[in-house]
Each structure stands twice: as C-alpha cells, then as structure tokens.
Amino acid sequence: MIPEYILIPGLVIGGIAVVYFCILKCAHNDWIGKIPPGPRGIPLLGCLSLYLKSEDLTSLIDSCYKDFGSIYQMRCCLQKIVYVQDSTVLLKAIEGKQMKPTTIRNLATGLRKCGLKRFKRREIDFVTKIWQNHAVAFFRETSNDAKLVIRIAEKIDEEDTKQAVENGDIVKPPVKLKSHSEVDLLEIDEEIHISCEDIVQTFRTLLLCNPHSWIGSSVFSFGTKSKVNRVKGKHQLEELKGYLEARLAINKIQTEKKFLILLFLLVKLSSRSSLTSADLVLGPDIVGWRSFFCQDYAEVKDYHFPKKTIVYAK
C-alpha cells in the first residue's frame, strides 16, 4: 500500500506531465519560423473530421489550395501533413537528404489491403533501385503492354543478378530472356489489351477519388465507402494478377510477380508520358500525386517542415 503523502503528489505530478505532453503535441512549437496556413483543427484530433466527412478528398484538397495557397497544412491527429501544389519545390530538400520520396513504399502498403503480398523494407529498396535505374526505359513501352511486361521482367532479373553477384552468391550472368518480334508482341498485346485498360482505369478512378487510400494508413480506412473501395480494389488486383500471369505464360517468363505488379502499376498509373531528370529525383507519381517523408527539418520555400512530417505533392 502506497502512503497517501506519496500517492497524491505522484498523481498530481503525473497529471501535470500528461497535460503538458498533450499541450506540447498540439502546439506548433516544433515549426521553425513561418507556419503554413490551413484549416482550423481541434486539439489532438486536428482536421480528422474533415478527412472523414469528405466524400471527395481531391476536391477538398484543391479547394484548400484556393483558400490557403500552394503550401498548406492539414494535420490529422498528431500527424503533421502538408500539401504542396508543385512538387518541384521539394527538389532541394530531397537532394539535401532532408526529405525522401515514399510513393513506392506507400503504394505497396496500400495494395497490401487489396491482397498483394507484404513487401519487406529491403524489397522496397530493391524496387526503388529498379525504378531509379530503368524507369525511363519502362516509359518508352507504355503503349505496348507486352513489351512493358517483358522489359520489367528483364530488369527485375538483371538487378537481382547484379545484387547476387555483389553479395558473392553467383558468378555467372543470367540467361537472357526470350525475345519476340514486333509482330508477335503486337498480336499478344491485342489479345488482352482491353481488359488491362479497364483494370488500370478502375484503379486510377479509385485512387483519384481518394488519394489517401494508397498510403496504407488505418486512419483513412473507416467508413462504408472505404470498405467498398477496398473490395473493388481486391477484385481489380485479382484481375490484374490473372492478366499478368497470362502474359508471362505466353512469353514463357518467370519472375517475382509482386515486383512485376507493383512496377507495372507504377508505370500505368502515372500521369506522365515520359520522365525528366526531376521526375527521377521526385520518384513516381500515382495519378499525379507523390508522397514524401521528412527525415530532418526540410527547407521548402519560406517554411521549415518539421521531422516526421508527411508531404503530399502534385
């Protein structure tokens, strides 16, 4: 039994500590200098109600750009979230290692809810390396799915072999994948092209209606609409798996299917027809959106984004 003269002061001190922690977390004192404008939130919850009530997050985000400017914040609970209208203003922070792109990781996490196998951190790093080294080549094949699938499978095999050689696991180069003529590829592409476009368009519509659905965060998983979208997403992912498996079988190719699915979607869901050097630094976009994470205080225009801030940019 704890004596009262110890228990009561202890409870008072503990209560003060909890209140102080909550006030500290709700305050803006971790911003340095100027603070971006944004919708007024409530203590602890921030703008959670806005996220949950919105039927169309894209329209909400665009309306906030009009109200608050090209950079604004819309905190969700204790998580700081900043929206940037032009992603190129983030280049300096990324090159300075203050911020890193997270679009690939977040899409993989979001697709896991649709039934895609979980990606380990080293696997995300592997896919990111493939994207950085070969994304330009992938975008040359966007009009021909047969060539795109073959190109992605080749680069997965190539990078996997390089990594194995570097680790000392193998010493011989891999056997080159079987190639097809342009006529064969066009015939293969025409066989199942329409179903693929339907699948990709459905994914694009789901993600555009709710940009947060692809970040894999449980905060945005509430409500009937989110559950319906996940069911649709699972159905479309199964369709896409069948489509890609059929194409792999036609071409007699074996590869890691979850890598192929993720890279294929990164190309097909992009709003770009080709990539610039800035695009390679910023990482892939999903229907025009990119996500980033602040590893340190990130200097962006007149602001210093705090550590662990999530940034969404167009």
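## Exercises on a predicted fold

Methionine 99 has cysteine 294 of E4 standing opposite. That pair is a good place to start; keep in mind as you work that the model is predicted.

**Exercise 1. Find which strands pair with E4, in which sense, and over how many bridges.**

Step 1. Begin on the E3 side. E3 and E4 are antiparallel partners, joined by three bridges. Methionine 99 and cysteine 294 stand opposite each other here.

Step 2. Now turn to E7. Strand E4, residues 290–294, and strand E7, residues 310–313, also run antiparallel, and four bridges join them. One pair to look up is arginine 290, whose bridge partner in E7 is alanine 313.

Step 3. Check how covered the strand is. Four of the five residues of E4 are buried, so "mostly covered" is a fair description, given that buried means under 20% relative accessible area.

**Exercise 2. Work out the strand order of the open sheet and name its edge strands.**

Step 1. Start at E1 and move to E2. These two pair in the antiparallel sense over three bridges, and the bridge partner of glutamine 73 in E2 is valine 82.

Step 2. Go on from E2 to E7. This pairing is parallel, with four bridges. Valine 84 has alanine 313 as its bridge partner in E7.

Step 3. Add the E7–E4 and E4–E3 pairings from the previous exercise. The five strands then read E1-E2-E7-E4-E3, an open sheet with mixed pairing.

Step 4. Look at the ends. Strand E1 (71–73) and E3 are the edge strands, each pairing on one side only. From one strand to the next, the twist averages 25 degrees.

**Exercise 3. Decide what covers the E1 end of the sheet, and whether the faces of E2 are buried or exposed.**

Step 1. Find helix H3, residues 57–68. This helix lies across E1, strand E2 (81–84) and E7, and runs at about 110 degrees to E1.

Step 2. Go through E2 side by side. Ile81 and Tyr83 are on one side, Val82 and Val84 on the other, and all are buried. Both faces of E2 are covered.

**Exercise 4. Describe the largest pocket: its volume, its lining and the elements that supply it.**

Step 1. Take the volume. The largest pocket holds about 790 Å³ of space.

Step 2. Count the lining and look towards the centre. There are 28 lining residues, and those closest to the pocket centre are Pro101, Arg105, Ile124, Asp125 and Thr128.

Step 3. Map the lining onto elements. Two or more residues each come from helix H4 (91–95), strand E3 (99–101), helix H5 (103–112), helix H6 (121–139) and helix H11 (277–282).

Step 4. Sort the lining by class. It splits into 12 nonpolar, seven polar and nine charged residues.

Step 5. Take a closer look at H5. Seven of its 10 residues are buried, so the helix is mostly covered, with under 20% relative accessible area as the cut-off. The buried residues of H5 are Thr103, Ile104, Asn106, Leu107, Ala108, Gly110 and Leu111.

**Exercise 5. Compare two loop residues, glycine 283 and lysine 307: where does each lie, and is each buried, partly exposed or exposed?**

Step 1. Place them. Glycine 283 is in the loop between H11 and E4, while lysine 307 is in the loop between strand E6 (303–305) and E7.

Step 2. Assign the class. Glycine 283 has a relative accessible area of 8%, so it counts as buried. Lysine 307 has a value of 49% and therefore counts as partly exposed, because exposed begins over 50%.

Step 3. List the contacts, leaving aside residues up to four places away in sequence. Glycine 283 touches Trp131 and Arg290. Lysine 307 is in contact with Cys294, Gln295, Asp296 and Tyr297.

Step 4. Read the C-alpha distances. Glycine 283 and glutamine 132 are 151 residues apart along the chain, with C-alpha atoms separated by 7.8 Å. For lysine 307 and cysteine 294, 13 residues apart, the separation is 5.2 Å.

**Exercise 6. Sum up the whole chain in three numbers or counts.**

Step 1. Count the elements: the protein chain has 11 helices and seven strands.

Step 2. Take the burial: 43% of the 314 residues are buried.

Step 3. Finish with contact range. Among contacts between residues at least 6 apart in sequence, 71% join residues at least 24 apart.

Definitions and conventions: Residues are numbered from 1 along each chain as its sequence is written. This is a predicted model: local features need pLDDT of at least 70, side-chain atom pairs count only at pLDDT 80 or more; totals for chains, interfaces and linings use all residues. Side-chain values use heavy atoms; hydrogens and water are left out. On a 1 Å grid over the protein atoms alone, a cavity is a set of points where a 1.4 Å probe fits but cannot get out, and a pocket is an open set with protein on both sides within 12 Å along at least five of seven lines; lining residues have an atom within 4 Å of a point. Grid points are joined across faces, edges and corners, and a volume is the space filled by probe spheres set on the points. Ala, Val, Leu, Ile, Met, Phe, Trp, Tyr, Cys and Pro count as nonpolar, Asp, Glu, Lys and Arg as charged, and the others, Gly among them, as polar. Two strands pair if DSSP finds at least two bridges between them. Axes are lines fitted to C-alpha atoms, for helices over the stretch in contact, and angles run from 0 to 180 degrees between N-to-C directions. Contact means heavy atoms within 4.5 Å. Buried means under 20% relative accessible area, exposed over 50%, partly exposed in between (1.4 Å probe, protein chains only).
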